[in-house]
Structures are given as structure tokens and as C-alpha cells.
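Here are a few exercises to work through with the model open in front of you. Try each one before reading its solution.

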Amino acid sequence: LARMINLFSKFIKITREQAKREITIVLENDKTRSAIAVDSIISVEKLAKDSIETMPDFGNEIDDSLSTAIAKSSKDNSLILLLDAESVIRESNSVVI
């Protein structure tokens, strides 16, 4: 019984730690509201229009069906992949767990 209680305590601790890190992003589009749960957010920044470029053609090597463009961060020049929110929601609704 003591071992079961110990295992349960560890399970509760892990669950609480995961719940603390989960972040919900709410997306609104034409009177439709959706939410996406993410583990973390690295940064939030406003992108200048001249930093956004169309996606290059990667051929069959990369599935870019969810992305719309790439941009360069003004903070550290890292690349940012811009996702099409509607495609992400549509894809997540079609996933069977």
C-alpha cells in the first residue's frame, strides 16, 4: 500500500507540473473562436512587414501545408515560421487519438 501511495504521489506531482506549464492561445476569426494548448511560448513580438517573406519551396522534404510565411525576429535575427491558424485548427480537428 505504501508503494502505491508513493507512485500516486509522484503521478500527482508530475500532473501538477504539466498543468502549470500549459498555456492556452485563443484564436478569433470571423466570429469563430478556437483554443490551442501549447507547452510554452518563447516570445511574442510585433513583426515588421518587411521582415515577412513567402515560404521558399522545399519540395517534398518538408510538409509546409500549415505554414504561410517566414519572418526574421527583430530581437535576435532568428527565423520565425508563421502558421495559418485555420489550417492548424482544421488539422487538429482531424487528428484521432
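**Exercise 1.** Work out what kind of residues line the largest pocket, by class.

*Solution.* Keep in mind that this is a predicted model. Start with the classes: the lining has 15 nonpolar, 4 polar and 3 charged residues. Next, put a size on the space, which has a volume of about 810 Å³. Then look towards its centre: of the 22 lining residues, Ser43, Ile80, Leu81, Leu82 and Leu83 are the closest.

**Exercise 2.** Find which strand gives the most to that lining.

*Solution.* First list the elements that supply at least two residues each: strands E1 (23–29), E2 (32–38) and E5 (79–83), plus helix H2 (85–94). Now pick the top contributor, which is E5, with 5 residues.

**Exercise 3.** Decide whether Ser67 is buried or exposed, and say what Ser67 touches.

*Solution.* Place Ser67 first: this residue sits in strand E4, residues 67–72. Its relative accessibility is 14%, and the buried class means under 20%, so Ser67 counts as buried. For contacts, skip anything up to four places away in sequence; that leaves Met55, Leu81, Leu82, Leu83 and Asp84.

**Exercise 4.** Do the same for Leu79: is this residue buried or exposed, and which residues is Leu79 in contact with?

*Solution.* Leu79 belongs to strand E5. With 63% relative accessibility, over the 50% cut-off, Leu79 counts as exposed. Beyond its neighbours within four places in sequence, Leu79 is in contact with Ala71 and Lys72. As a last step, check Ile52: 27 residues separate Ile52 and Leu79 along the chain, and their C-alpha atoms are 9.9 Å apart.

Conventions. Residues are numbered from 1 along each chain as its sequence is written. This is a predicted model: local features need pLDDT of at least 70, side-chain atom pairs count only at pLDDT 80 or more; totals for chains, interfaces and linings use all residues. Side-chain values use heavy atoms; hydrogens and water are left out. On a 1 Å grid over the protein atoms alone, a cavity is a set of points where a 1.4 Å probe fits but cannot get out, and a pocket is an open set with protein on both sides within 12 Å along at least five of seven lines; lining residues have an atom within 4 Å of a point. Grid points are joined across faces, edges and corners, and a volume is the space filled by probe spheres set on the points. Helices (H or I, at least four residues) and strands (E, at least two) are DSSP runs, numbered from the N terminus. Ala, Val, Leu, Ile, Met, Phe, Trp, Tyr, Cys and Pro count as nonpolar, Asp, Glu, Lys and Arg as charged, and the others, Gly among them, as polar. Buried means under 20% relative accessible area, exposed over 50%, partly exposed in between (1.4 Å probe, protein chains only). Contact means heavy atoms within 4.5 Å.
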